[in-house]
Amino acid sequence: MKPLRIEIDDASGFCFGVTTAISKAEEELASATPLYCLGDIVHNGSECERLHAMGLRTIDHATFATLPQGTKVLLRAHGEPPATYEQATEHGIKIIDATCPVVLQLQRRIKKVYDEEQRPQIVIYGKRGHAEVLGLVGQTQGEATVIECVEEAARLDFSRSIALFSQTTKSLEGFRQVVDYITAHIQPPASFRYFDTICRQVANRLPNICAFAARHDVVIFVCGLKSSNGRVLYEACRRVNPRSHLVDNPQALRREWFEQAESVGICGATSTPKWLMESCREAIAGM
């Protein structure tokens, strides 16, 4: 019987924004002062537990408002609405800003359009309630319309001008469908502008991960269960390779998945740490 070949996808793992946020957290945790993070620093329970063991404490917005003056709070890569910064100033909280530069640029573009004299409908293609989307909607005083799919675009007022933006981690294909739909339905003299604000480091992972999944008998997709990016990438793997399985830690692996397999591919989301994929490789090899 041939030994099982196990390969970890080199292109999987933390994106630039997440890497930077975690580096900033580790740097601050090296000092003796307590550090809080507004929301999970990354949508991966295992990585959050690792940083918690180093002293990072995750808080919600209600707790944020009660922190004493001088407390250090890290803002994760997803970004925050202006109200969070205003609250920090008001309470004397020291912000460690780890907002992803791609998200920060998107926030500024939305704010610029919102401040126009002839303000259009601002539409954001994204996931309702997602941390990044909440930060984007915050640039418009809560006035932006969020749509999750092309079907929801039908609810827009096509007699008014529209400016379309996208959450940075949404799929290019879905965004193009929304663009085509609005283009076909806008009613002159109303105008339509769209801004392709999808992060290419994330978007390019889709074709790469599909090719990776096709090369192996079995695919183990490692990611946190709350990762929306992970869910999209995992479903893409499953379409290419039905023997794809999603796990959030090595304990979720099942021996029967690897029966009659010669090769296993391990990949993950932009929120998946490399060390967790390596732990899964060791657990599979141990089987």
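Axes are lines fitted to C-alpha atoms, for helices over the stretch in contact, and the angles quoted between them run from 0 to 180 degrees between N-to-C directions. In these terms, helix H5 (residues 101–114) and helix H6 pack at an angle of about 30°, with their axes 9 Å apart. The structure in which this pair is found is a predicted model, and the account below moves from the chain as a whole to its sheets, its helix pairs and two features of its loops.

The protein chain contains eleven helices and twelve strands. Along the principal axes, its C-alpha atoms fill a box of roughly 70 × 55 × 25 Å. For 287 residues, a compact globule would be expected to have a radius of gyration near 19 Å, and the 21 Å found for the protein chain agrees with that value.

Strands of a sheet pair through backbone hydrogen bonds, either parallel or antiparallel. In one open sheet, four strands follow the order E3-E2-E4-E5, and the pairing is parallel. Strand E3 (56–59) and strand E5 (94–97) stand at the edges of this sheet, each with a single partner strand, so that one side of each is left without a neighbour in the sheet. On average, and with direction ignored, neighbouring strands here are turned by 35° against each other. Within the sheet, strand E2 (residues 35–38) is joined by three bridges to strand E4 (residues 72–75), the two running parallel, and Cys37 stands opposite Leu74 in E4. Helix H1 lies across E2, E3, E4 and E5, and its direction is at about 165° to that of E4.

Helix H1 also takes part in a helix pair. The axes of H1 (residues 16–29) and helix H2 (residues 45–54) come within 10 Å and cross at roughly 20°; because angles under 35 degrees count as roughly parallel, H1 and H2 are described as roughly parallel to each other. The crossing of H1 past H2 is left-handed. On the side of H1 the contact is made by Ile22, Glu26 and Leu29, and on the side of H2 by Glu47, Arg50, Leu51 and Met54. By class, the residues of this contact divide into four nonpolar, no polar and three charged.

A further open sheet is formed by four strands in the order E1-E12-E10-E11, again with parallel pairing. Its edges are occupied by strand E1 (5–8) and strand E11 (244–247), each of which has a single partner strand, so one side of each is left without a neighbour in the sheet. Neighbouring strands of this sheet are turned by 20° against each other on average, direction ignored. Four bridges join E1 to strand E12 (residues 263–268), and these two strands run parallel; the bridge partner of Ile6 in E12 is Val264. Helix H9 (residues 205–214) packs on the sheet and touches E1, strand E10 (218–222) and E12, its direction making about 160° with that of E12. Helix H10 (residues 228–240), in turn, lies across E10, E11 and E12 and runs at about 160° to E11.

Helices H9 and H10 come together with their axes within 9 Å and crossing at roughly 40°, an angle that makes H9 oblique to H10. H9 passes H10 in a right-handed crossing. In this contact, Arg205, Leu206, Ile209, Cys210, Ala213 and Ala214 of H9 meet Leu233, Ala236, Cys237 and Val240 of H10, and the residues comprise nine nonpolar, no polar and one charged.

To return to the pair introduced at the outset, H5 and H6 are roughly parallel to each other, and the passage of H5 across H6 is a right-handed crossing. Val103, Leu106, Gln107 and Ile110 in H5 meet Glu132, Gly135 and Leu136 in H6, a contact whose residues divide into four nonpolar, two polar and one charged.

Two features of the backbone in loops complete the description. Gln141, which lies in the loop between helix H6 (131–138) and strand E7 (145–147), has a positive phi of about 60° although it is not a glycine. The peptide bond from Pro188 to Pro189 is cis, with omega near 15°, and Pro189 is located in the loop between helix H7 (172–185) and strand E9 (192–194).

Terms used
Residues numbered from 1 in each chain as written. Predicted model: local features only at pLDDT ≥ 70, side-chain atom pairs only at ≥ 80, totals over all residues. Heavy atoms only, no water. Parallel < 35°, antiparallel > 145°, perpendicular 65-115°, else oblique. Left-handed = near helix turned anticlockwise from the far one by under 90°. Contact = heavy atoms within 4.5 Å. Nonpolar A, V, L, I, M, F, W, Y, C, P; charged D, E, K, R; others polar. Pairing = 2+ DSSP bridges. Rg over C-alpha atoms; globule rule 2.2 N^0.38 Å.
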